[in-house]
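Reader: I would like a close look at one part of this model. Please take the ligand site and work outward from there.

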Amino acid sequence: MKIAVIGTGYVGLVQGTCLAESGNDVVCIDKIAEKVEGLKRGKIPIYEPGLAELVHRNTRDGRLSFTTSLAEGIREAEIVFIAVGTPQGDHGGADLSGVWAVGTQVAEVLEEPKILVIKSTVPVGTNAELARRMKEIARVPFDVASNPEFLKEGAAIEDFNKPDRVVVGARREEVADKLHELYAPFLRTDRPFLVMSPESAEMTKYVANCLLATKISFINEMANLCEAYGADINEVRRGIGHDQRIGFHFLHPGVGYGGSCFPKDVRAAIHMATSKGMPARMMESVDEVNEAQKHVLFGKLKAHFKDALGSATIAVWGLAFKPRTDDIREAPALVLIDALLKEGATVRVHDPEAIPNVKAIYGDKIAYCDRPYGAIEQADALVIATEWNEFRNPDFEVMRRLLRQPVIFDGRNVYDPARMAALGFAYEGIGLPP
Ligand code: UGA
């Protein structure tokens, strides 16, 4: 099939590349010339495991190309995906200016009927509104469908190739059938292709992300309660998780969720509710609990070091909002670094991928270390903010030698508290008894 994808951000680039990999002819379009030139030369603007290899192979084999020209890029395409950013705008709602701009441009150059598919996360009603705006301009008929994205950063290619489900919002059966044809190779026999109204498809994305964010804020609140009463959240997780109605997934306590999706989508859902004059009590609490949770590590450091925190050196392992990405948007580690700097502490950091992005924010205010052990040299405590695999089984003897004091604050419960005690570390996790 001939496909165009507008927007070569995270979603668009993964979508375009994976569709090319399955044999389609894909043109990826972006208005930023520098980005397009880079992609043509194989320079990938984001870190996503496996993506660079796929882009190289499919570009080389002629199934994947890049252009800045929207008119040229969509000319041959039967299906045009819109994957432009919808950042948080004023009052917490999604800023849709990118979607409207692309819709107008497509409508202006449309010469034959095509299916436009909104991949970006957009408030309910955007599909209908885009179709309305485009109809005023276009000279030929077209369809607008919705196909929300459920990829996780760091596992995007795997998620694309093996989706739990594909959701499509379409008003005409022919449109749904065409998209089914495109996605069928990826659907394992027991995984459904779900056709619904565009409104329901748009809503599905928010409901999914809001529920996932709710699980995280819920377990974080419970973890804090465990800590206050001397219970152990790891034991409690086992106690609840075997109940099939509850399960184990997405109930890991930590330092709060970050990234480009949950924080923005929870706030957009609040905005959707309030703009209809409805309450959004659950989502407001989820957001509030999450913001507070991002301060938990600092609170623990302050309680441990008291006034001496200002003259302490703190090492931070893990800066990205989660492992296997260089993305630091809304990352809890940044909230911790800000608070430590405000306190006057010296901060030494290590992350396998995110250092360049963090450097762009903090410049020479903190020390950057290529190796995890480099960061803890002469540090008074180590804080783990993101659970990269390389932190799971370090040489604790070396760590004890390098640290000025054997103190670890673990924001992701990576280590076994009993083992840490046996090794002579003062160790504090999230939701664990003293
Ligand atoms: C999330 C959703 O999981 C995807 O399904 C969705 O497609 C995507 O948003 C999106 O809307 O584009 P992502 O933001 O990449 O994906 O990351 P997640 O793996 O979901 O993690 C989000 C945050 O929650 C991370 O900061 C992670 O550390 C935190 N988290 C996750 C926890 O604190 N505890 C958990 O149990 C799980």
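Which domains give residues to the shell around the ligand, and where does the ligand lie relative to them?

Author: A caution comes first: this is a predicted model. Domain 1 (2-196) and domain 2 (205-292) both give residues to the shell, so the ligand lies between them. The chain as a whole is divided into domain 1 (2-196), domain 2 (205-292) and domain 3 (294-428).

Start with the shell itself. It holds 20 residues around the ligand. The closest are E153, H252, Y257, G259 and C261. By class, ten residues of the shell are nonpolar, six are polar and four are charged. Helix 9 (residues 198-229) gives the most to the shell, with three residues.

Now take C261, one of the closest residues to the ligand. UniProt, in an unreviewed entry, places the feature "active site" at C261. C261 sits in the loop between helix 10 (233-241) and helix 11 (262-274). Is C261 buried or exposed? C261 is buried, because 22 other C-beta atoms lie within 10 Å, and the cut-off for buried is 20 or more.

E153 is also among the closest residues to the ligand. The unreviewed UniProt entry includes E153 in its "binding site" annotation. That annotation covers D30, K35, T86, T121, E153, K264 and R329. These positions are spread over 300 residues of sequence. They are spread in space as well, up to 24.5 Å between C-alpha atoms.

Two of the annotated positions deserve a closer look. T86 is one of them. T86 lies in the loop between strand 4 (79-82) and helix 5 (97-109). T86 is buried, with 23 other C-beta atoms within 10 Å. Setting aside residues up to four places away in sequence, T86 touches A94, D95, L96, G98, V99, S120, T121 and V122. One of those partners, T121, is itself in the "binding site" annotation of the UniProt entry.

R329 is the other. R329 is in the loop between strand 9 (313-317) and helix 14 (332-343). R329 counts as partly exposed, because 17 other C-beta atoms lie within 10 Å; a residue with 20 or more would be buried, and one with 12 or fewer exposed. Leaving aside neighbours within four places in sequence, R329 is in contact with G258, G259, S260 and F321. Among these partners, G259 is one of the closest residues to the ligand. R329 falls within the bounds of domain 3 (294-428).

That leads to the boundary between domain 2 and domain 3. Twelve residues of domain 2 are in contact with 15 residues of domain 3. On the domain 2 side, helix 12 (residues 281-293) supplies the largest share, three residues. The residues of that side divide into four nonpolar, seven polar and one charged. The C-alpha centres of domain 2 and domain 3 lie 24 Å apart.

Domain 3 also has a record of its own to consider. For residues 315-417, the unreviewed UniProt entry lists "domain: UDP-glucose/GDP-mannose dehydrogenase C-terminal". Over residues 315-417 the chain is 32% helix and 17% strand. The end C-alpha atoms of that stretch are 19 Å apart.

Y373 offers a local view here. Y373 is in helix 16 (residues 372-376). Y373 is partly exposed, with 16 other C-beta atoms within 10 Å. Residues up to four places away in sequence aside, Y373 touches V398 and L402. Y373 and A315 are 58 residues apart along the chain, yet their C-alpha atoms are separated by 9.6 Å.

Last, the nonpolar interior. In soluble globular proteins, nonpolar side chains tend to be buried together. Here the largest nonpolar core has 123 residues. Within that core, I6, I314, V316 and V383 touch the most other members. Helix 9 gives the most to this core, with nine residues. Helix 9 is thus a link back to the ligand, as it also gives the most to the shell. I314 has contacts with L301, L340, A345, V347, A379, D380, A381 and V383, not counting residues up to four places away in sequence.

Methods
Residues are numbered from 1 along each chain as its sequence is written. This is a predicted model: local features need pLDDT of at least 70, side-chain atom pairs count only at pLDDT 80 or more; totals for chains, interfaces and linings use all residues. A residue is near a molecule or strand if its C-beta atom, placed from the backbone, lies within 6 Å of it. Helices (H or I, at least four residues) and strands (E, at least two) are DSSP runs, numbered from the N terminus. Ala, Val, Leu, Ile, Met, Phe, Trp, Tyr, Cys and Pro count as nonpolar, Asp, Glu, Lys and Arg as charged, and the others, Gly among them, as polar. Domain bounds come from an automatic or database domain assignment. UniProt positions are given in the numbering used here, feature names are shortened, and annotations may be inferred rather than shown by experiment. Two residues are in contact if their C-beta atoms, placed from the backbone, lie within 7 Å. A nonpolar core is a set of buried Ala, Val, Leu, Ile, Met, Phe, Trp, Tyr and Cys residues joined through C-beta atoms within 7 Å.
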